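Open your viewer, load the model and keep the selection tool at hand. This tour moves from stop to stop, telling you what to select and what you will find there.

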Amino acid sequence: MTANASARAIKPELLRTYTEDFNKDRANLIAADAAVSAGVLKAATDYRGVRALPRDFSIELKQGSITNQERSGRCWMFASLNTLRYELMHRWNLEDFEFSETYLFFWDAMEKSNTYLENVLRTLDEATDSRLFEAINWGPSDDGGWWQMFAALVNKYGLVPKSAYPESENSRNSDDFKQYLNSKLREFAAELRRRSAAGAGEDELRTLKDEYMGTVYRICAVSLGEPPEKFDFFARTKDDAEADADGKAESCKCEDKSDAKACKCDKNKDKTGKDERPQIREIGITPLEFYKKYVPVDVNDFATLANAPLKNRPFNRRYRIRFSANVVEAGDMEFVNVPLDVFKKAALDQLTAGHPIWFACDCTQFALRKDGFFDQSVVRVDQLFGTEFTGDKAHGLEYGDSPSNHAMTFTGVNLGEDGKPNRWKVENSWGKDAGKDGYYVMSDAWFDRYVTELIIRKEYLDDATRALLAAEPVELDPWQPLTRRCR
């Protein structure tokens, strides 16, 4: 071993010092017993932190049954659909409702495959080991995404209820389906590049790409089944409602009628075993017709706010991420970067007005997946390991330590005596056995540190932020912070 190599190595005398110091501290031995036996997170759980985050909220939205993305990376899609189903349920007075996540999953796989091949055609002169081509080639049709990808799919393909296109084994557990789809796409990419190098023109290459997309469709249809072009929809409204001529459910108004016996919702009339709740029925409706008729919000009326306190991402600017589209004609993903106070006020205004919020964060940091907590005061790994974790939000983004990797939905917030939030209610998509019946509680300090993106209805933006939506965007490369897709 050279002298230079010896200076870089772990020295035996230092190892002896490390073990002596470890064993003479009783706290280290207790921590090791707990962590080795129960795991780091259980050993680090602080019961005082748990007690400081009760699960009641001064503002709380009534949502439907908890959903489950299972072993797939569709969190962004589930969170998006959960925000819309809340609006649909309360518009039509339904007890519960769930959209088909598989329907959009099919079209997302198709669109990402098409966009990947188009990006290959855009970068034929790039070396395969260039940073740009590596970013494009990393996950040709992976599961992850953002709200704007969801909006692009809805605008083009509409929505369907889960009953019209239910889950399949490959939507619940997507790894095998996506592994072989991505492998085939990379084969197609190599052939396009080979043909181009041999002198093929753009028309020839694009014709070949169209043939390749036929194979992509076959893989998607075999894995998920073909999506419906039309379907029938049936739902019953709540007991205290009746449907108007357009099918809209309204509260019973028997008290305003002189002849109580003529009232359809008269609670005093003879009861039978027949379900006489008002019905909503549609025969042969298309996905786009269903979206436009039954979803009372427009997916284009939302904006993406980010809170990324980075020196090279000045606040109050609009940004666009190159090569980030799933639907190629819809364009790349965009966001407006705003200070934390603006970011949080928009969230509070929207929740207070009675609307849930799609958000993205790093769900792995100081989190208890099974018990349902996001809080650094609950997961005391600092005490367990005897070292402080001092990185801030900028550090986490710049060094890739806490990128956005999961999307969920805010459905509540608790305001303290000072009117400021101290904890947030989170609807997750990991099933009812994760967290408390599928819901998590997040401390406000954790919100500040790890929540990086919010999808806000434009009506709840302040004038200055709304004006930024029309500003000229700053272009970002696809490998920079805030460009990772949520899974």
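When we sort the residues around a space by class, Ala, Val, Leu, Ile, Met, Phe, Trp, Tyr, Cys and Pro count as nonpolar, Asp, Glu, Lys and Arg as charged, and the others, Gly among them, as polar. This is a predicted model, in which local features need pLDDT of at least 70 and side-chain atom pairs count only at pLDDT 80 or more, while totals for chains, interfaces and linings use all residues. Residues are numbered from 1 along each chain as its sequence is written, and side-chain values use heavy atoms, with hydrogens and water left out.

**The whole chain**

Start with everything selected. The C-alpha trace of the protein chain spans about 100 × 70 × 45 Å along its principal axes. Colour by secondary structure and you have 18 helices and 16 strands; helices (H or I, at least four residues) and strands (E, at least two) are DSSP runs, numbered from the N terminus. Of the 487 residues in the chain, 51% are buried. Buried means under 20% relative accessible area, exposed over 50%, and partly exposed in between (1.4 Å probe, protein chains only).

**Helix α6**

Now select residues 75–92, which are α6. How far apart are the end C-alpha atoms of α6? They are 25 Å apart, which agrees with the 26 Å that its 18 residues should span at 1.5 Å a residue; the expected span is 1.5 Å times one less than the number of residues. Because 16 of its 18 residues are buried, α6 is largely enclosed by the rest of the structure. Just after the helix comes N93, with a positive phi near 60°.

**The second largest cavity**

Stay with α6, since it leads to an enclosed space. On a 1 Å grid over the protein atoms alone, a cavity is a set of points where a 1.4 Å probe fits but cannot get out, a pocket is an open set with protein on both sides within 12 Å along at least five of seven lines, and lining residues have an atom within 4 Å of a point. Grid points are joined across faces, edges and corners, and a volume is the space filled by probe spheres set on the points.

The structure holds 2 cavities of 30 Å³ or more. The second largest has a volume of about 60 Å³. Select its lining, including T83, L84, E87, H355, W358 and R457. Which element gives the most to this lining? That is α6, with 3 residues. By class, the lining has 7 nonpolar, 3 polar and 2 charged residues.

**The largest cavity**

Next, select W146, T304, E334, F335 and E453, which lie nearest the centre of the largest cavity among its 13 lining residues. Its volume is about 80 Å³. At least two lining residues come from each of α9 (147–157), β6 (302–306), β8 (334–337) and β15 (451–457). The lining divides into 9 nonpolar, 2 polar and 2 charged residues.

While you are at α9, pick out L153, which sits in that helix. L153 is buried, at 0% relative accessibility. Its C-alpha atom is 6.8 Å from that of L104, although the two residues are 49 apart along the chain.

**Aromatic rings**

Show the Phe, Tyr and Trp side chains. Rings of these residues (for Trp, its six-membered ring) pair if their centres lie within 6.5 Å; planes under 30 degrees apart count as stacked, over 60 as edge-to-face and the rest as tilted. The whole structure has 28 aromatic pairs. One of them joins F97 and F99, edge-to-face, at 4.9 Å centre to centre and 85° between the planes. F97 is buried at 8% relative accessible area, and F99 is buried at 1%. Both belong to a cluster with W92, F231, F233, F290 and Y294.

Then select F366 and Y450. Their ring centres are 6.3 Å apart with the planes at 40°, so this pair is tilted. F366 lies in the loop between β9 (357–361) and β10 (367–368) and Y450 in helix α17 (444–450), so the pair ties together parts that are 84 residues apart in sequence.

**The largest pocket**

For the last stop, select A135, W138, P478, T483 and R484, which lie nearest the centre of the largest pocket among its 25 lining residues. About 630 Å³ of space lies in this pocket. Its lining takes two or more residues from α7 (101–122) and from α8 (131–137). By class, there are 11 nonpolar, 6 polar and 8 charged residues.
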